[in-house]
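This report looks at how some helices of a protein chain are packed and how charged side chains pair on them. Please keep the sequence and the structure in view while reading.

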Amino acid sequence: MSAPRLPEAFGNYALKDFAEILPPAGIDWLPQTPGWAVLGTLVLAWLLRRVFRALRRWHRNRYRREAAAALRALQNQPPGQVQVADINQLLKRAALAGYAREQVAGLNGQCWIDFLNGECPAAVFTGAPADWLRDGPYRQQVLSGDQCRLLVAAASDWLAQHRGPATC
């Protein structure tokens, strides 16, 4: 069964000669002038440069993260098992990763302390931690719990604050 057939004249007779208005074409959201394309390219290039520099800085500072993790592992050892030589070795490895070998490899004693303090905005190895780091590796000095905390705090401050290689 189907619907009945519609009559020839159907609907509103007053609108018989009415022409339907066509809507305008869709508005293009892309910029029509080349200046916007140039500006968009410049902004994209600036963003890519920022991302590239951030990734390069992150990659260049991985030695700091690795040294900080090793320092935390040393700090978690039981008191009386951490030697000054362990922390000194960790600092030397971090300095060798961040600076030229010729600049760091031959340093020891007070020259080593002066180098470490000279690479930070403010000296971090002063007083007893500087004495332990200067003389402790040669005497196989074992640190107590408080001494270990002081030296680890100074070493972590140096890892976080030192200037490192020249950055652009």
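A salt bridge is a side-chain nitrogen of Lys or Arg within 4 Å of a carboxyl oxygen of Asp or Glu. The model is predicted, so local features need a pLDDT of at least 70 and side-chain atom pairs count only at pLDDT 80 or more, while totals for chains, interfaces and linings use all residues. Residues are numbered from 1 along each chain as its sequence is written, and side-chain values use heavy atoms, with hydrogens and water left out.

**Salt bridges**

A search of the whole structure finds three salt bridges. Side chains of opposite charge can pair when their charged atoms come close. The pairs are listed here with the distance between N and O.

| Pair | N to O distance |
|---|---|
| Arg-134 and Asp-131 | 2.5 Å |
| Arg-134 and Asp-135 | 3.6 Å |
| Arg-149 and Asp-146 | 2.5 Å |

Asp-131, Arg-134 and Asp-135 are linked in a network of salt bridges. Arg-134 and Asp-131 both belong to helix 6, where they stand three residues apart, about one turn of the helix; helices here are DSSP runs (H or I, at least four residues), numbered from the N terminus. Arg-149 and Asp-146 are likewise three residues apart, about one turn, but in helix 7. An α-helix has 3.6 residues a turn, so residues three or four places apart point the same way.

To describe how far a residue is covered, buried is used for under 20% relative accessible area, exposed for over 50%, and partly exposed for what lies in between (1.4 Å probe, protein chains only). Arg-134, at 21% relative accessibility, counts as partly exposed, as does Asp-131 at 33%. Asp-146 is exposed, because its relative accessible area is 53%, whereas its partner Arg-149 has 47% and is therefore partly exposed.

**Helix 7**

Helix 7 has 17 residues (145-161), which at 1.5 Å a residue should span 24 Å, and its end C-alpha atoms are indeed 24 Å apart; the expected span is 1.5 Å times one less than the number of residues. Its buried residues are Cys-148, Leu-151, Val-152, Ala-154, Ala-155, Trp-158 and Leu-159. Seen down the axis of helix 7, these residues fall within an arc of 160°, so they line one face of the helix; the arc is that of the directions from the helix axis to the C-beta atoms. The face turned away from this buried side carries the exposed residues Asp-146 and Ala-160. The buried residues of helix 7 pack against helix 2 (62-75), helix 3 (84-98), helix 5 (109-118) and helix 6 (128-139), where contact means heavy atoms within 4.5 Å.

**Helix 6**

In helix 6, the buried residues are Pro-129, Ala-130, Trp-132, Leu-133, Gly-136 and Pro-137. Viewed down the axis of helix 6, they lie within an arc of 160°, so they line one face of the helix. What covers them includes helix 3, helix 5 and helix 7, while on the other side of helix 6 Tyr-138 and Arg-139 are exposed. Just after helix 6, Gln-140 takes a positive phi of about 55°.

**A buried loop residue**

Is Val-82, at 2% relative accessibility, buried or exposed? At that value Val-82 counts as buried, and its place is the loop between helix 2 and helix 3. Leaving aside neighbours within four places in sequence, Val-82 is in contact with several residues, including Leu-74, Ile-87, Val-142 and Cys-148.

Conventions:
Helix = DSSP H or I, 4+ residues; strand = E, 2+ residues; numbered from the N terminus.
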